[in-house]
Amino acid sequence: MKVLVVGGSGFVGRALISRLLDAGHEVESWDRTRSEEAAGLCCKAVDLLGHDPLPLPGDLPWEAAFHLAAYSVPGLAWTQDLVFANLRMTARVFDHLAAVAPGCRAIFASSAFVYAPSDHPLKETDPLGSAHPYALSKHLGETWALRHRKSLKVFIVRPFNQLGPGMAPGLLVPELLDRIRRGENPVRMLGRDDIRDFLDWRDAMDAYLRLLEVDAPSGSIWNLCSGRPTRVSELVRGLLKACGQDRPALFANLEVETLVGDPSRLMADTGWRPSHSLEDTLQAIARAR
């Protein structure tokens, strides 16, 4: 299958391209700067926020496309410009796919942050309504992508916290690992000891590849999550253990927010099951750095 990955240089994009190539797919990757090519991989420099026409698929049409490109670190100083930049990137990609690759299986990586706060595991039918601008940018992206559900086979994925080696600086785990390795004692956490849903990156890639084959109607939406509620303090202790260390962690904010998903729909529709424990994931991250 010929697959387009928009945003292939990020944490998820790199892992996805590797899995697609291993599975024998032909991959085209778009990024702001051109990456190194390999057997079966064509890389192009594409500015989604510019005005130049987007590349055409060439002799063979794209049969599937993953749209991953976005400003995606919730801790950024979010402004209107970033919200509209994410929407513009999504709109350009899906408008282009609808025009030059009708019928393409177009998968939009949204976010679990689109959901309204809830203390129970979130289903795809639960209300949306996060107040965070990043979540708003993803909700707008979903809405735009779904405009094309008649001309494209549009699938929406709402990932919860995906963990693995190579995550972007500024995210919880890379920042925590740096502080652990600098010898910070106690480890001082600036955020809250929230209850979160952490998923191994290898399990996430397994799910993405299953979406290339799933028989589901255009407009389908799935949570991508483990369904396991985990306190951030548990993750901290697990990463300390994976690094061979033991020290206390202090949280500056004692409030607790819950964001845990229900993966039942994805499991039922694709047969997918997460297979990696949090301990396994954290050990892989510690070994890689």
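Colleague: Why are α4 and α6 called oblique to each other?

Modeller: In this predicted model, α4 and α6 pack at an angle of about 45°, with their axes 11 Å apart. Angles under 35 degrees count as roughly parallel, and the roughly perpendicular range runs from 65 to 115. The value of about 45° belongs to neither class, and α4 and α6 are therefore oblique to each other. The crossing in which α4 passes α6 is right-handed.

Colleague: Which residues of α4 and α6 meet, and what makes up their contact by class?

Modeller: From α4, Leu172, Val173, Leu176, Leu177 and Ile180 meet Val232, Leu235, Val236, Leu239 and Leu240 in α6. By class, this contact of α4 with α6 has 10 nonpolar, no polar and no charged residues. Val and Leu, like Ile, count as nonpolar.

Colleague: Which residues of α4 are buried, and what do they pack against?

Modeller: Helix α4 spans residues 172-181, and its buried residues are Val173, Pro174, Leu176, Leu177, Arg179 and Ile180. The buried residues of α4 pack against the strands β7 (161-163) and β8 (187-192) and the helices α6 (232-242) and α8 (278-288).

Colleague: What makes α6 oblique to α8?

Modeller: The axes of α6 and α8 cross at roughly 50° and come within 9 Å. That angle makes α6 oblique to α8, since the roughly parallel class ends at 35 degrees and the roughly perpendicular class begins at 65. The crossing of α6 and α8 is right-handed. On the α6 side the contact is made by Leu235, Gly238, Leu239, Lys241 and Ala242, and on the α8 side by Leu278, Glu279, Leu282, Gln283 and Ala286.

Colleague: How many residues of each class are in the contact of α6 with α8?

Modeller: The contact of α6 with α8 has 6 nonpolar, 2 polar and 2 charged residues. Lys and Glu count as charged, and Gly is placed among the polar residues.

Colleague: What follows α4 along the chain?

Modeller: α4 is followed by Gly183, whose phi is positive, near 85°. Most residues other than glycine have a negative phi, and most peptide bonds are trans. Asn185 and Pro186 are joined by a cis peptide bond, with omega about 0°. Pro186 lies in the loop between α4 and β8.

Colleague: How do you know that Asp95 and Arg147 meet in a salt bridge?

Modeller: The N to O distance between the side chains of Asp95 and Arg147 is 3.9 Å, and the cut-off for a salt bridge is within 4 Å. Asp95 lies in helix α2 (residues 80-100) and Arg147 in the loop between α3 (133-146) and β6 (153-159), so this salt bridge ties together parts that are 52 residues apart in sequence. The structure holds 15 salt bridges.

Colleague: Why is Asp95 called partly exposed, and why is Arg147 called exposed?

Modeller: Asp95 has a relative accessible area of 32%, which lies between the limits of 20% and 50% and therefore counts as partly exposed. Arg147 has a relative accessible area of 53%, and exposed means over 50%.

Colleague: Which residues are linked with Glu257 in a network of salt bridges?

Modeller: Arg192, Asp194 and Arg196 are linked with Glu257 in this network. The side chains of Arg192 and Glu257 meet at 3.6 Å, N to O. Arg192 lies in strand β8 and Glu257 in the loop between β12 (249-253) and β13 (258-259), so the pair ties together parts that are 65 residues apart in sequence. Arg196 also forms a salt bridge with Glu257, the closest N and O atoms being 3.7 Å apart. This pair links distant parts of the chain, with Arg196 in strand β9 (residues 195-200) and the two positions 61 residues apart in sequence.

Colleague: What makes Arg196 count as buried, and Arg192 as partly exposed?

Modeller: Arg196 has 10% relative accessibility, and buried means under 20%. Arg192, with a relative accessible area of 26%, is partly exposed. Glu257 likewise counts as partly exposed, at 28% relative accessibility.

Colleague: Which residues does Asn161 touch, leaving aside those up to four places away in sequence?

Modeller: Asn161 touches Arg196, Asp197, Phe198 and Leu199. Asn161 lies in strand β7 and is partly exposed, with a relative accessible area of 23%.

Key:
Residues are numbered from 1 along each chain as its sequence is written. This is a predicted model: local features need pLDDT of at least 70, side-chain atom pairs count only at pLDDT 80 or more; totals for chains, interfaces and linings use all residues. Side-chain values use heavy atoms; hydrogens and water are left out. Buried means under 20% relative accessible area, exposed over 50%, partly exposed in between (1.4 Å probe, protein chains only). Helices (H or I, at least four residues) and strands (E, at least two) are DSSP runs, numbered from the N terminus. Contact means heavy atoms within 4.5 Å. Axes are lines fitted to C-alpha atoms, for helices over the stretch in contact, and angles run from 0 to 180 degrees between N-to-C directions. Angles under 35 degrees count as roughly parallel, over 145 as roughly antiparallel, 65 to 115 as roughly perpendicular and the rest as oblique. A crossing is left-handed if the near helix is turned anticlockwise from the far one by less than a right angle, and right-handed if clockwise.
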